[in-house]
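Work through the exercises below with the sequence and the model open. Each task is followed by a solution in steps.

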Amino acid sequence: MSPLSNQDFDIVLFDGVCNLCNQAVDFIIQHDSKNHFKLASLQDEPGKALLKGKSIDEAYLDSIVLLRKNKVYYKSRAALEIAKKLKGLWPLFYGFIIVPQFLRDPVYDWIAKNRYKWFGKRDTCRLPNEREKRKFLSTDDFIK
């Protein structure tokens, strides 16, 4: 059992070298006034550890992944579940949940496939600044 299995926050895993994904992380940080989310890069140890034993390959980098208790959401469903918890009008986007996944996910996949070409890629994973550190999971969270 993971030390985070009973957390009262959702965990967002993202591609740490993707510029689009990092912009999404900035957006989540800015609009998560209730501290509902903790963040981790899919490439870093906390992200890899959280995927162990899940139905998603540990090398998976093509989607944002949302972990909520024992549930795993990815692709368009993860994005909609995240939007539902943000401040402002963003929860209205959850209404797109009525669009069937087989229609939503191809659009998500098309963007994911082209994200490096369109938005660029970093050489290394994003590191949170001092103000953001409390929003990110660290290896220490797994030692407690």
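**Exercise 1. A patch at the surface**

Task: In which helix does Phe 119 lie, and which residues make up the nonpolar surface patch of about 490 Å²?

Solution. The model is a predicted one.
- Step 1: Phe 119 is placed in helix 4, which covers residues 101-119.
- Step 2: Its relative accessible area is 36%. Buried means under 20% and exposed means over 50%, so Phe 119 is classed as partly exposed.
- Step 3: The patch of about 490 Å² is formed by Val 107, Trp 110, Ile 111, Trp 118 and Phe 119.

**Exercise 2. Overall layout and confidence**

Task: Find how many helices and strands the protein has, and state where confidence is lowest and highest.

Solution.
- Step 1: There are four helices and four strands.
- Step 2: Along the sequence they come in the pattern β-α-β-α-β-β-α-α.
- Step 3: The mean pLDDT of the protein is 87, and 89% of the residues score at least 70.
- Step 4: Helix 2 (residues 45-51) has the lowest confidence, with a mean of 85, while helix 3 (residues 75-84) has the highest, at 96.
- Step 5: Of the 144 residues, 41% are buried.

**Exercise 3. Strand pairing**

Task: Determine in which sense, parallel or antiparallel, strand 1 pairs with strand 2 and with strand 3. Then follow strand 3 to strand 4.

Solution.
- Step 1: Strand 1 and strand 2 are parallel, with five bridges between them. Asp 10 faces Phe 37 of strand 2 across this pairing.
- Step 2: Strand 1 (residues 10-14) runs antiparallel to strand 3, and three bridges connect the two. Here Ile 11 is opposite Leu 67.
- Step 3: Strand 3 is also joined to strand 4 (residues 71-74), by four bridges and in the antiparallel sense. Val 65 is opposite Tyr 74 in this pair.
- Step 4: Strands 3 and 4 make a hairpin with two residues between them. Lys 69 lies in the loop between these strands and has a positive phi of about 50 degrees although it is not a glycine. With a relative accessible area of 46%, Lys 69 is partly exposed.
- Step 5: For another such residue, go to helix 3, where Lys 75 lies. Lys 75 is not a glycine either, yet has a positive phi of about 60 degrees. Lys 75 is buried, at 17% relative accessible area.

**Exercise 4. Faces of the strands and the core**

Task: Which residues lie on each side of strand 1 and of strand 3? Which elements each supply at least two residues to the largest nonpolar core?

Solution.
- Step 1: In a regular strand, side chains point alternately to one face of the sheet and the other.
- Step 2: In strand 1, Asp 10, Val 12 and Phe 14 are on one side, and Ile 11 and Leu 13 are on the other. Five of the five residues are buried, so strand 1 is largely enclosed by the rest of the structure.
- Step 3: In strand 3 (residues 65-68), Val 65 and Leu 67 are on one side, with Leu 66 and Arg 68 on the other; all are buried.
- Step 4: The largest nonpolar core has 16 residues, and those touching the most other members are Val 12, Ile 28, Phe 37, Leu 39, Leu 66 and Ile 82. Strand 1, helix 1 (19-31), strand 2 (37-41) and helix 3 each provide at least two of its residues. Helix 1 contributes the most, with four.

**Exercise 5. Salt bridges**

Task: How many salt bridges are counted, and which partners does Glu 81 have?

Solution.
- Step 1: The count is eight, with a cut-off of 4 Å between side-chain nitrogen and carboxyl oxygen.
- Step 2: Asp 32 and Lys 135 form one of these, with their closest N and O atoms 2.4 Å apart. Asp 32 is in the loop between helix 1 and strand 2, and Lys 135 is in the segment after helix 4, 103 residues apart. Asp 32 is buried, at 3% relative accessibility, and Lys 135 is buried with a relative accessible area of 3%.
- Step 3: Glu 81 bridges to Arg 77 at 2.8 Å, N to O. Both are in helix 3, four residues apart, about one turn. Glu 81 is buried at 1% relative accessibility, whereas Arg 77 is partly exposed at 29%.
- Step 4: Glu 81 also bridges to Lys 84, with the closest N and O atoms 3.5 Å apart. Asp 10, Arg 68, Arg 77, Glu 81 and Lys 84 are joined into one network by salt bridges that share partners.

Technical notes
Residues numbered from 1 in each chain as written. Predicted model: local features only at pLDDT ≥ 70, side-chain atom pairs only at ≥ 80, totals over all residues. Heavy atoms only, no water. Buried < 20%, exposed > 50% of the residue type's maximum accessible area, 1.4 Å probe, protein only. Pairing = 2+ DSSP bridges. Patch = residues over 30% accessible without salt bridge, like charges linked within 9 Å, V, L, I, M, F, W, Y side chains within 5 Å. Areas by Shrake-Rupley, 256 points an atom, 1.4 Å probe, with all protein chains shown as cover. pLDDT = per-residue confidence, 0-100. Core = buried A, V, L, I, M, F, W, Y, C linked by side-chain atoms within 4.5 Å.
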